[in-house]
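Visitor: I am new to this structure. Please give me a close look at one part of it, and then connect that part to the rest.

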Amino acid sequence: MSVQQMKWSTMESYLFPFDSLICMLLGISFTVWFTLLLVFIIVPAILGVSFGIRRLYMKSLIKLFEGSPGRQQQQQMLRTELFYTERSFTLEAWATLRMERGAKEKNQHLYKPYSNGIIAKEPMSLEQEIQEMRREGAEPEFDMSDIFYFCRRGVESIVDDEVTKRFTAEELESWNLLTRSNYNFHHISTRLTALWGAGVLIRYGFLLPLRVTLAFTGVGLLVVLSSIIGLFPSGRIKNYVSDKVHLIENKPRNGGICVANHTSPIDVIILASDGCYAMVGQVHGGLMGVIQRAMVKACPHIWFERSEVKDRHLVAKRLSDHVADESKLPILIFPEGTCINNTSVMMFKKGSFEIGCTVYPVAIKYDPRFGDAFWNSSKFGMVNYLLHMMSSWAIVCSVWYLPPMSRREDEDAVQFANRVKAAIARKGGLADLLWDGGLKRDKVKEVFKEEQQKLYSKVLVGSSEDRSRS
Amino acid sequence: MGSRASSLLREEDIEEIKKETGFSHSQITRLYSRFHSLDKGENGALSREDFQRIPELAINPLGDRIINAFFPEGEDQVNFRGFMRTLAHFRPVEDNEKNKDGATGEPLNSRTNKLLFAFRLYDLDRDDKISRDELLQVLRMMVGVNISDEQLGSIADRTIQEADTNGDMCISFNEFTKVLEKVDVEQKMSIRFLH
């Protein structure tokens with residue numbers, strides 16, 4: 001046996017002569033890596049200090065992006081139409097339309113002048129268009145040309161509609177060297193491809209592992225520290241300590257509701273890094289469940305069982321109880337109910353606006369040049385999404401805290417919700433849409449078609465009463 | 001997240017579509033992206049459900065008829081060529097058109113072909129005549145439940161009376177064209193495509 005042991009040890013020492021050396025190197029590099037991480041990223045984040053590395057990084061990325069697509073465009077210019085004259089024609093077309101018509105219906109969509117639209121739509125209402133179409137002197141009765149209006153609007157919506165494009169990632173004007181955002185992928189030049197290759201190396205070789213480590217550390221710290229805080233007996237000390245951990249003072253105050261537009265789960269992290277909130281959401285299993293339970297130990301959140309979500313009264317009661325308690329944190333709610341791609345704000349569900357407390361609107365706008373934060377939950381799962389997130393260049397977003405709003409006497413919950421939505425859309429530079437975010441998965445309600453039919457009947461019959469649209 | 005749409009469309013196809021429909025190169029690629037984004041099944045063809053997923057089209061009273069116009073007789077799928085051919089009807093009219101296609105040997109977006117497109121929305125059974133029933137059907141689609149049967153019937157009768165010249169109580173395509181002589185069809189049935 002001793003001979004075998006000797007044989008084994010000689011074999012080992014033969015096969016792994018540098019065994020201890022490698023272990024040492026690995027150990028050292030790991031420690032160094034971890035220390036760097038801690039020193040440069042985690043501790044400054046906790047203390048709120050910045051080294052300015054991020055700003056430098058962003059500036060160099062922007063220079064890179066504006067540089068490379070220029071080459072792409074030059075190629076396109078050689079081939080067919082001039083890109084920049086197309087752009088100015090789009091602006092002209094839109095501006096001319098506005099000047100010519102000058103009429104604006106209140107339920108028309110806002111147009112972004114820089115959008116790369118396929119068609120230019122006319123923002124005129126049903127009545128105006130049909131009246132224009134009628135031959136002069138004809139009474140308001142049926143004319144065979146009336147179908148032209150519906151026909152044209154129908155085909156326009158087939159070519160370009162306001163809703164379906166909100167549920168996929170936004171198209172960029174200039175390429176940011178990520179394959180996922182390139183729609184006309186073909187070989188432009190070797191230089192560009194080389195640049196893209198280098199980008200891939202950097203993103204997957206350096207940024208991704210960095211962020212994965214950070215993520216694990218962050219989640220681990222959260223769970224551990226929250227449990228420690230949970231051990232504290234009385235409420236006052238708890239609040240003091242959790243404030244320190246999150247660090248910056250609250251912007252929305254206790255006893256209020258914070259509403260924001262929703263693009264991705266990262267919204268929550270961004271807002272939470274800047275203030276303490278009570279989250280509202282469904283109870284999840286797995287890793288999310290662990291995090292949720294840990295968070296509850298530190299400060300009270302509202303987690304619902306799935307069965308409870310359907311019962312709106314129960315939900316409203318729990319929310320108003322939480323809000324009535326002054327010591328509890330403001331609630332964070334995303335009234336759209338689903339992730340939208342950050343080019344527009346869709347209908348706000350009225351539930352959170354019925355409670356009757358102060359609402360603090362927050363507008364969140366991501367800069368799409370660095371990485372797309374939108375989570376297309378019907379196409380990608382959570383893991384895929386996180387992978388995309390962590391291998392983008394950066395996630396850059398602007399957060400605007402808007403002044404608090406309350407419901408006025410003369411408005412109902414829906415009008416209040418629309419008012420808040422309009423404020424958020426205006427600040428964030430997003431299109432303000434009346435469509436429901438639920439259209440991502442569900443069909444549109446029949447009631448909207450009936451509205452159109454009612455409108456047309458009014459024109460046909462020539463009713464003199466002004467019936468309000470329900 | 002993005003679609004490599006234009007890499008699936010070959011140059012020869014684009015040239016053929018350009019000749020047939022008159023769209024420009026960039027318009028065709030942009031419309032192909034749109035076609036691709038509507039095609040949830042990713043099989044290179046659109047079905048009726050794909051169209052109905054567009055909310056603005058679903059609430060259009062004539063939505064179903066318009067969708068029907070894209071599908072050739074008895075088929076359930078429309079490919080990109082068919083899609084472009086139908087859309088070509090809505091291209092604005094230009095003076096020096098060199099391409100020829102369509103039932104009348106004229107470009108797809110000529111006044112006659114635009115009128116034919118609209119006529120076919122009424123004429124469901126394709127017998128080249130709009131009967132009183134077909135007219136009533138379309139009227140009912142456009143007004144919903146807001147107008148009574150008698151009133152609608154009298155509107156239909158009045159319309160047929162005005163248009164019918166040969167006394168067969170139906171509107172033929174020529175009578176249809178005559179009635180809409182003064183209407184600016186070129187502008188009303190055109191979509192302003194950019195670039």
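**A nonpolar patch on chain A**

Guide: Leu21(A), Met24(A), Leu25(A), Ile28(A), Val32(A) and Leu36(A) together make a nonpolar surface patch of about 560 Å². Patch residues have over 30% relative accessible area and no salt bridge, with nonpolar side chains (Val, Leu, Ile, Met, Phe, Trp, Tyr) joined within 5 Å and like charges within 9 Å. The model is predicted: local features need pLDDT of at least 70 and side-chain atom pairs 80 or more, while totals for chains, interfaces and linings use all residues. Residues are numbered from 1 along each chain as written, chains are lettered from A and ligands numbered from 1 in written order, and side-chain values use heavy atoms, without hydrogens or water.

One member of the patch, Val32(A), sits in helix H2 of chain A, which covers residues 19-47. Helices (H or I, at least four residues) and strands (E, at least two) are DSSP runs numbered from the N terminus. Is Val32(A) buried or exposed? Val32(A) falls in between: with a relative accessible area of 44%, it is partly exposed. Buried means under 20%, exposed over 50% (1.4 Å probe, protein chains only).

The unreviewed UniProt entry lists residues 20-53 of chain A as a "transmembrane region", along with 188-206, 212-232 and 385-402; such annotations may be inferred rather than shown by experiment. In the model, residues 385-402 of chain A are 33% helix and 28% strand, and the C-alpha atoms at the two ends lie 29 Å apart.

Now chain A as a whole. Chain A contains 15 helices and nine strands. Of its 470 residues, 40% are buried. The surface that chain A exposes is about 26,300 Å², and 62% of that comes from carbon and sulfur atoms. Among contacts (heavy atoms within 4.5 Å) in chain A between residues at least 6 apart in sequence, 72% join residues at least 24 apart.

Chain B offers another helix to look at. Helix H1 of chain B covers residues 11-21, and there Asp13(B), Ile14(B), Ile17(B), Glu20(B) and Thr21(B) are buried. These five cover an arc of only 130 degrees around the axis, so they lie on the same side of H1(B). Their packing partners in chain B are helix H2 (25-38) and helix H6 (80-88). After H1(B) comes Gly22(B), with a positive phi near 90 degrees.

Charged pairs come last. Over all chains there are 21 salt bridges, each a side-chain nitrogen of Lys or Arg within 4 Å of a carboxyl oxygen of Asp or Glu. Lys421(A) and Asp432(A) form one, with their closest N and O atoms 2.8 Å apart. This pair links distant parts of the chain, 11 residues apart: Lys421(A) is in helix H14 (residues 413-428) of chain A and Asp432(A) in strand S9 (residues 431-432). Lys421(A) is buried, at a relative accessible area of 1%.

In chain B, Arg48(B) and Asp76(B) meet in a salt bridge of 3.5 Å, N to O. Arg48(B) lies in helix H3 (residues 48-52), and Asp76(B), 28 residues apart from it, lies in the loop between helix H5 (63-70) and strand S2 (78-79). Arg48(B) counts as partly exposed, at 27% relative accessibility.

Arg132(B) and Asp157(B) form another salt bridge, the closest N and O atoms being 2.6 Å apart. Arg132(B) is in helix H8 (residues 132-143) of chain B and Asp157(B) in helix H9 (residues 149-163), so the pair ties together parts 25 residues apart in sequence. Asp157(B) is partly exposed, with a relative accessible area of 38%, and Arg132(B) is partly exposed at 34%. Back in chain A, salt bridges with shared partners join Arg408(A), Asp410(A), Glu411(A) and Arg419(A) into one network.

Notes
Areas by Shrake-Rupley, 256 points an atom, 1.4 Å probe, with all protein chains shown as cover. Arc of directions from axis to C-beta.
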